[in-house]
Amino acid sequence: MMFGTSKQLFSRFLSANRKVCPAGKQAGLSKTILRNILLPVFSCMIIAVTTSCNNHGQTSDTTNTVNYTTIATPNFCADSAMAYVERQLNFGYRAPGYDAHNQCAKYLQQSMQQWCDTVITQQFNTTLWDNTTTQGQNIIASFNPQATNRVL
């Protein structure tokens, strides 16, 4: 895994996307990413950092204790996780409107149907940055939706 400054990571991201971006879509990519993704993310981070540590002089007398030994959790398998990520990346450029986007969505639906009780797909139309309309979908998977005590 490679690390670096934000500028270096952003440059690597843009250069990697230029290789897979269709012709004509590259010019507005960096401005779109900066305006629609990075600016809101950094703004939220700044707000969270500046407001999260201030308790405004209030103290709390209550402490919450959780006995984590009673909560059953599955083991995490890094190899399996990497295989799932690799499978999604193998579809190629998964931007809305491309075949790879639809193929990846079908893969996610089929995978979730194997493991989950309920899988709901919400279809919708959305307008992209260049004012073109495309179809999208939300895939929502639930485990034991009737249970009253659930992990979200």
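This passage goes through the confidence of the model, its strand hairpin, and the residues packed around helix H4.

The structure is a predicted model, so a look at confidence comes first. Mean pLDDT for the protein chain is 75, and 61% of the residues reach at least 70. One stretch to treat with care is residues 17-24, where pLDDT stays under 50 and the model places nine contacts beyond four places in sequence. Where pLDDT is low, the predicted coordinates should not be read in detail.

Next comes the hairpin. Strand E1 covers residues 118-127 and strand E2 covers residues 133-142; the two run antiparallel and are joined by 10 bridges. One of the partnerships links Gln 123 to Gln 137, the latter in E2. Five residues sit between the strands of this hairpin. Asn 131 belongs to that loop between E1 and E2, and its phi is positive, about 65 degrees, although the residue is not a glycine. With a relative accessible area of 65%, Asn 131 is exposed. A positive phi also turns up at Asn 144, another residue other than glycine, with a value near 50 degrees. Asn 144 lies in the segment after E2 and is partly exposed, its relative accessible area being 40%.

Within strand E2, Thr 134 is a handy reference point. Its relative accessibility is 11%, so Thr 134 counts as buried. Beyond its neighbours within four places in sequence, Thr 134 contacts Phe 124, Asn 125, Thr 126 and Leu 128, and also Pro 96 and Gly 97. For Thr 134 and Phe 124, the C-alpha atoms are 8.5 Å apart in space, with the two residues 10 apart in sequence.

Helix H4 spans residues 99-115 and includes His 101. At a relative accessible area of 19%, His 101 falls under the 20% cut-off and is therefore buried. Leaving out residues up to four places away in sequence, His 101 touches Tyr 93, Arg 94, Ala 95, Pro 96 and Gln 135. Pro 96 thus appears in the contact list of His 101 and in that of Thr 134. Gln 103 is in helix H4 too, but here the relative accessible area is 41%, which makes Gln 103 partly exposed. Its C-alpha atom is separated by 9.2 Å from that of Gln 88, a residue 15 places away along the chain.

Aromatic packing comes last. The model has three aromatic pairs. One of them brings together Phe 91 and Tyr 107 in a tilted arrangement, 5.8 Å centre to centre with 50 degrees between the planes. Because Phe 91 lies in the loop between helix H3 (78-89) and H4 while Tyr 107 is in helix H4, the pair ties together parts that are 16 residues apart in sequence. Both Phe 91 and Tyr 107 are buried. Another of the pairs is Tyr 93 with Tyr 98, an edge-to-face case at 5.1 Å centre to centre and 80 degrees between the planes. These two rings belong to partly exposed residues: relative accessibility is 25% for Tyr 93 and 27% for Tyr 98. Tyr 107 has a charged partner as well, since the charged end of Arg 87 sits over its ring, 4.9 Å from the centre.

How values were computed. Residues are numbered from 1 along each chain as its sequence is written. This is a predicted model: local features need pLDDT of at least 70, side-chain atom pairs count only at pLDDT 80 or more; totals for chains, interfaces and linings use all residues. Side-chain values use heavy atoms; hydrogens and water are left out. Two strands pair if DSSP finds at least two bridges between them. Helices (H or I, at least four residues) and strands (E, at least two) are DSSP runs, numbered from the N terminus. pLDDT is the predictor's confidence in each residue, from 0 to 100. Contact means heavy atoms within 4.5 Å. Buried means under 20% relative accessible area, exposed over 50%, partly exposed in between (1.4 Å probe, protein chains only). Rings of Phe, Tyr and Trp (its six-membered ring) pair if their centres lie within 6.5 Å; planes under 30 degrees apart count as stacked, over 60 as edge-to-face and the rest as tilted. A charge sits over a ring if NZ of Lys or CZ of Arg is within 6 Å of the ring centre and within 35 degrees of the ring normal.
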